[in-house]
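Colleague: Got a minute to go through this model with me? I have a few short questions.

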Amino acid sequence: MDLELIITSFPKLLGATLITLKLLSASLFFGLILGLFFAILRLNKNKLVSGFAYGYSYLFRGTPLLVQIFIIYFGLGQIEYLRSTFLWVILKEPYWCAIIAFSLNTGAYTSEILRSAFQTIKPGVIEAGRSLGLNKVFIFTKIQIPIAIKQSLPAYGNEIILMLKGTSLASTVTLMDITGVAKFIISTTFRPVEVFIIAGSIYLFITFLVHNLIKYLEKKYRYQ
Amino acid sequence: MDLISFGDNGWGDELFIATLMTIAVAITAMLIGFLFALIFTPLKLSKNKFLNLIANSYTTVVRGVPELLVIYLFFFGGSSAIMYVAQIFGYYDYIEINAFITGATSIGIISGAYSTEVFRGAIQSIDKGQFEACHVLGLKKYIYFFKVIMPQMLRLAIPNLSNVWQITLKDTSLISVTGLVEIMRQSYIAAGSTRDPLFFYSFAALLYLMLTYLSMKLINRLEKNYSRGY
C-alpha cells in the first residue's frame, strides 16, 4: 500500500468527478426526454410507428455502448456532408459525442421502463378520467404520468446507476472523467490497487447517494 | 462489400475469427461467473452475519464500480499480483498472463456478482414447504439440492440469467482495451488501416445484434424446456 499515492491522487480524481457528474446529468436529462417520446410512440396503435420505436430500443439495447460511442465519435466524422453543416461544431467535440451516445443509449432503456409503467396502469383509472369529461392531454399529464413515475422509480434508479457506470466509457474517447484519470495515474505509477480503491469508492459513494435518493422518492410517491 | 470479403483483401475472415473470440470470452466469463455465484450464493443465504457481509460487499462493490475500472485493475495488476505470489514460492521470473485469461476473469467476476443476485432471488422464492418436505423425507443433502431445489431454482432463474448473459456479452467489448482481438478490437484495427470507421463499427454493431438475437432464441428454447409441467 502506498499511502502517499492515495493522498496525492485523491484530489485529482475528485476533480474528475465533476466531469463524470456533468456527463451523467446531461445524458440522463436528454435520455429521459427521448425515453418518454419513444415510450409514447411505442404505445401508438399504428404498427409502423410502434415498430420504429421498438427498432430503436432493440438496436441500442442489443449493442454495446462502446460500439455506439465509436460509431458517433469516429464514424460520423467520416461523412463529408456532415463536416460542412453546423452539426460538425458538436460532433467534433468528444464531450458532446459522448453525451449523444449516452443519451441515445439510456433513452432506449428508459423508453422500455416507461412503456411497461404505462402498460401497467389499470384501464379503469383512465376510463374514470374520461367519464369525468377530462380531455386527453389532461388525463395524460395529470393521471398517467404521475402513476407511471411511481411505477418506474425502482427500475429507473437501476438505470441511473448503470448509466453512471456507462459514463466511464467516455475515457475511451479521450475525456478525463474518473476512469480516464484513474487509468492515467495507473499507467504512470503502475499502482492499480491504490487507484482502484479511491476511484471505486468515489463511484460507490455516488451509487449510494442515488440509491438513497430513489428510496426517498419512492416513499414520497407512495399511495396514501 | 470488398471490405468484408474473405481472404487477403478483405476483413471478413479476421472479423469471423474475432466473433468466435467474443463468443469464447463471453462463455468463459459466464462460466467463471457461475463459479463465483456457486461460492457466494450460499454465503449470502447463510445465517452467519460475517459471511453475509463478505458476499454483500462482493456484489455491491462489483455492481457499483464501472466494468472498465475492474478491467484496468486486472490488466495492470493481474500479472504483478501473480508474480508476488510466485515470489513467495521462490519463482522470480517475469510472468505475463495472456489477455484472454485477464479479460475472461475480470468479466467473469462482474458477471458472477449479477448471477449471485439472480440465484439468491430464485432460491428465496422457492416455497418453504419444499425445504421442509425434503427435511421430513430425510433426503441426502446432495439429492435434496440437485433433484429438488435446483430444477425449481433454474426455472425461476433462467429469464434473469438471460439478462446476465446479455450484459456479459456486451461487456466483452470492453476487453478490447487490453488488446485482445475480439470484435471491437478487430474493427478498431480494420477501421484504422482502411480509414473507414463508420463501416466497420456499424458492422461490429450488426455482429453484436446478431449474437444477442441468436442467444435470445436459444435461451427461449431452454426456458420452455425448464418450464414444462407448469
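Modeller: What follows is a short run through some residues, the cores and the contact between the chains.

Colleague: Fine. What kind of model is this?

Modeller: A predicted one.

Colleague: Start with Ala108(A). Where is it found?

Modeller: Ala108(A) is part of helix α6 of chain A, which covers residues 94–119.

Colleague: Is Ala108(A) buried or exposed?

Modeller: Buried, because Ala108(A) has 23 C-beta neighbours inside 10 Å and the cut-off is 20 or more.

Colleague: And which residues is Ala108(A) in contact with, leaving aside neighbours within four places in sequence?

Modeller: Tyr56(A), Ser57(A), Phe60(A) and Arg61(A). As for Ala39(A), the C-alpha atoms of Ala39(A) and Ala108(A) are 9.0 Å apart, with the two positions 69 residues apart in sequence.

Colleague: Let's switch to the cores. How many residues has the largest nonpolar core?

Modeller: The largest nonpolar core has 90 residues. Ile69(A), Ala182(A) and Ala204(B) have the most contacts inside it.

Colleague: Which helix gives the most to this core?

Modeller: Helix α1 of chain B, residues 12–45, with 11 residues.

Colleague: What is Ile69(A) in contact with, again without the neighbours within four places in sequence?

Modeller: Cys97(A), Ala98(A) and Ala101(A), and also Leu169(A), Thr172(A) and Val173(A). Another core, of 13 residues, lies apart from the largest one. Ala39(A), Phe60(A), Ile113(A) and Tyr156(A) are among its residues.

Colleague: Now backbone angles. What is phi of Thr174(A) near?

Modeller: Near 70°, which is a positive value in a residue other than glycine. Thr174(A) sits in the loop between α8 (136–166) and α9 (178–189) of chain A.

Colleague: Why does Thr174(A) count as exposed?

Modeller: Because Thr174(A) has 11 C-beta neighbours inside 10 Å, and exposed means 12 or fewer.

Colleague: And what about phi of Phe190(A)?

Modeller: Phi of Phe190(A) is near 55°, again positive in a residue other than glycine. Phe190(A) is in the loop between α9 and α10 (192–220) of chain A. With 11 C-beta neighbours inside 10 Å, Phe190(A) counts as exposed.

Colleague: Last topic, the contact between the chains. How many residues does each chain give?

Modeller: Chain A gives 30 residues and chain B gives 26.

Colleague: On the side of chain B that touches chain A, which elements give two or more residues?

Modeller: α2 (49–64), α3 (67–88), α7 (183–194) and α8 (197–226) of chain B. α8(B) gives the most, with 9 residues.

Colleague: How do the residues of that side of chain B divide?

Modeller: Into 18 nonpolar, 5 polar and 3 charged.

Methods. Residues are numbered from 1 along each chain as its sequence is written. Chains are lettered from A and ligands numbered from 1 in the order in which they are written. This is a predicted model: local features need pLDDT of at least 70, side-chain atom pairs count only at pLDDT 80 or more; totals for chains, interfaces and linings use all residues. Helices (H or I, at least four residues) and strands (E, at least two) are DSSP runs, numbered from the N terminus. Two residues are in contact if their C-beta atoms, placed from the backbone, lie within 7 Å. A nonpolar core is a set of buried Ala, Val, Leu, Ile, Met, Phe, Trp, Tyr and Cys residues joined through C-beta atoms within 7 Å. Ala, Val, Leu, Ile, Met, Phe, Trp, Tyr, Cys and Pro count as nonpolar, Asp, Glu, Lys and Arg as charged, and the others, Gly among them, as polar.
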